[in-house]
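Me: I am new to reading protein structures, and I would like to go through this one term by term. Please tell me each time how a label is justified.

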Amino acid sequence: MTTIHEPAVTAPADALSVWPASAVEPREGEITVGGVPLAEVADRFGTPVYVIDEDEVRERCRTYRQVFPDADILYAAKAFLCRAMVHWVDEEGLGLDVCSAGELELAVTTGFPPEKIVLHGNAKSPRDLDTALRLGVGRIVIDSPSEIARLAAAVGPDGHQKVMVRVVPGISAGGHEKIRTGTEDQKFGLSISDGYAQYAIARIMDQPQLELTGLHCHLGSQITSIKPYIAAVRRIVGLMARLKEQHGLVLPELDLGGGHGIAYRPGELALDLTSLARKVRAELVEACAAAGLAVPRLIIEPGRAIAGPAGIALYHVLAVKRTGTHTYVAVDGGMSDNPRPALYGVRYAPRLVGRHSTAAPAPVTVVGRHCEAGDIVAADVELPEDIRPGDLLAVPVAGAYHLSMASGYNMVGRPPVVAVDDGRARLLIRRESLEDISSRDVGL
């Protein structure tokens, strides 16, 4: 296994650098996004509430198409998905990467072309596969040898399905050990080094109804270095060369996954997409030339890098508690709407919005309302010393892995999602009510 590190691009340190490009502060203490004051969103829709800037999402889709003009860009739906998001991604010319029958059904019933969808998953259920075949999904990514026979049987002797194989290149990359998926000792993919990937490929070649179109890898998430992607290209092209030599197999596609790191706080590191695209393309062309291979079609799967910076979470302060040397600011949300600090130790930069404070900044820890000591929204951050109940806090970079990972803890209900654009705010997903929760409980 190879571990590769490299300096990354440092985000600007100004206060709004990690916010959507439309974020402005026309008056001190008032922030508007998409032309809509955040305080107005909170008043109209209540809190907690997720706000997503439609234009920011679209612009990030366009950026990927511009920097990777010769690649297929698939939005990773697991980051955040709703019908509006499906529509935006489709209009901007991207495909979709889904992980379940639920994500797939939502996309297709919204009108997304199924042939532009790739289905992933390390343990796909019979429903996942049946739905994919029924709807005509473009690619299914094989993640284990046992999946081959199951899929071939489901396709039937007269059927046809394009597939890819997820390989593990043995490269450690990612912002936390729980989101590093390019290493040998984790649940995803098939190892190149121990021969399991080659074994699976040989088995697929014995199934005439399965068409192997390429190899797939995903190194992890929140990666801020380019070098792991370059190393992955070398290793996968090396495997492609061996497949051509041993089986005469020439694969037309190479999927490098996503995991592109973004800045969550001003001054943090982020992946330089322009450099990534240029260096990956150069390495792919060079490696294929050296191996005597035609250059495969590149596929990229960004999720967080499209949705994350477009979102803001709004909370009202419920209590301020000073105990010992610490000040705790408790808000009306927490780990049920954002489990990422508890899972990965993620750090955010919340801001007071809706009023101007002249008080000096003071260190506080913003905590949630749930019955869990680990329910922390933002540890050791600075907020005005006069922070008080009723204040409104905004947490930027909240568009990815917030609603998609939200839970029913303490039965508080998941927040709504509101889109802002061109001075308008509109509801995309309504707040989960107590009636929604209780209606699922059918037994006495």
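Me: What do E24 and E25 form, and what lies between them?
Reply: E24 and E25 form a hairpin, with two residues between them, and Asp422 in the turn has a positive phi of about 55°. The names follow a rule: strands (E, at least two residues) and helices (H or I, at least four) are DSSP runs, numbered from the N terminus. Please keep in mind that this is a predicted model, in which local features need pLDDT of at least 70 and side-chain atom pairs count only at pLDDT 80 or more, while totals for chains, interfaces and linings use all residues. Residues are numbered from 1 along each chain as its sequence is written, and side-chain values use heavy atoms, with hydrogens and water left out.

Me: How do you know that E24 and E25 pair, and in which sense?
Reply: Two strands pair if DSSP finds at least two bridges between them. E24 and strand E25 (residues 424-429) have five bridges in the antiparallel sense, so the definition is met. Within this pair, Asp421 stands opposite Arg424 in E25.

Me: What makes E23 largely enclosed by the rest of the structure?
Reply: A residue is called buried when its relative accessible area is under 20%, exposed when it is over 50%, and partly exposed in between (1.4 Å probe, protein chains only). Five of the five residues of E23 are buried, and therefore the strand is largely enclosed. In a regular strand the side chains alternate between the two faces of the sheet. Both faces of E23 are covered, with Leu392, Ala394 and Pro396 buried on one side and Leu393 and Val395 buried on the other.

Me: Which strand does E23 join through five bridges, and which one pairs with E23 over three bridges?
Reply: Strand E18 (residues 311-323) is joined to E23 by five bridges and runs antiparallel to it, with Tyr315 having Leu393 as its bridge partner. Strand E20 (residues 351-353) pairs with E23 over three bridges, also in the antiparallel sense, and there Leu393 is the bridge partner of Leu352.

Me: Why are E3 and E5 called edge strands?
Reply: They belong to an open sheet of three strands in the order E3-E4-E5, with antiparallel pairing. Strand E3 (24-27) and strand E5 (36-37) each pair on one side only, and that makes them the edge strands. Two bridges join strand E4 (residues 30-33) to E5, so the minimum of the pairing rule is reached. Thr32 stands opposite Pro37 in E5.

Me: Why does Ser336 count as buried?
Reply: Its relative accessibility is 3%, so Ser336 falls in the buried class. The residue lies in the loop between strand E19 (326-331) and helix H11 (340-344). If contact means heavy atoms within 4.5 Å, then Ser336 touches His370, Ala406, Ser407, Tyr409 and Val412, not counting residues up to four places away in sequence. Ser336 and Arg414 are 78 residues apart in sequence and 7.4 Å apart in space, C-alpha to C-alpha.

Me: Why is Asp380 called exposed or buried, and what about Met411?
Reply: Asp380 has a relative accessible area of 54%, so it is exposed, and the value of 58% likewise makes Met411 exposed. Asp380 is found in strand E22 (residues 376-384), whereas Met411 is in the loop between strand E23 (392-396) and strand E24 (417-421). Phi of Asp380 is near 55°, a positive value in a residue other than glycine, and Met411 has a positive phi of about 55° although it is not a glycine.

Me: Which peptide bond is cis, and what is its omega?
Reply: The peptide bond from Thr47 to Pro48 is cis, with omega near -10°. Pro48 is in the loop between helix H1 (38-45) and strand E6 (49-53).

Me: How do you know whether the radius of gyration of the protein chain agrees with a compact globule?
Reply: The radius is taken over C-alpha atoms, and the globule rule is 2.2 Å times the number of residues to the power 0.38. For 444 residues a compact globule would have a radius near 22 Å, and the protein chain has 23 Å, so the two agree. Of these 444 residues, 55% count as buried.
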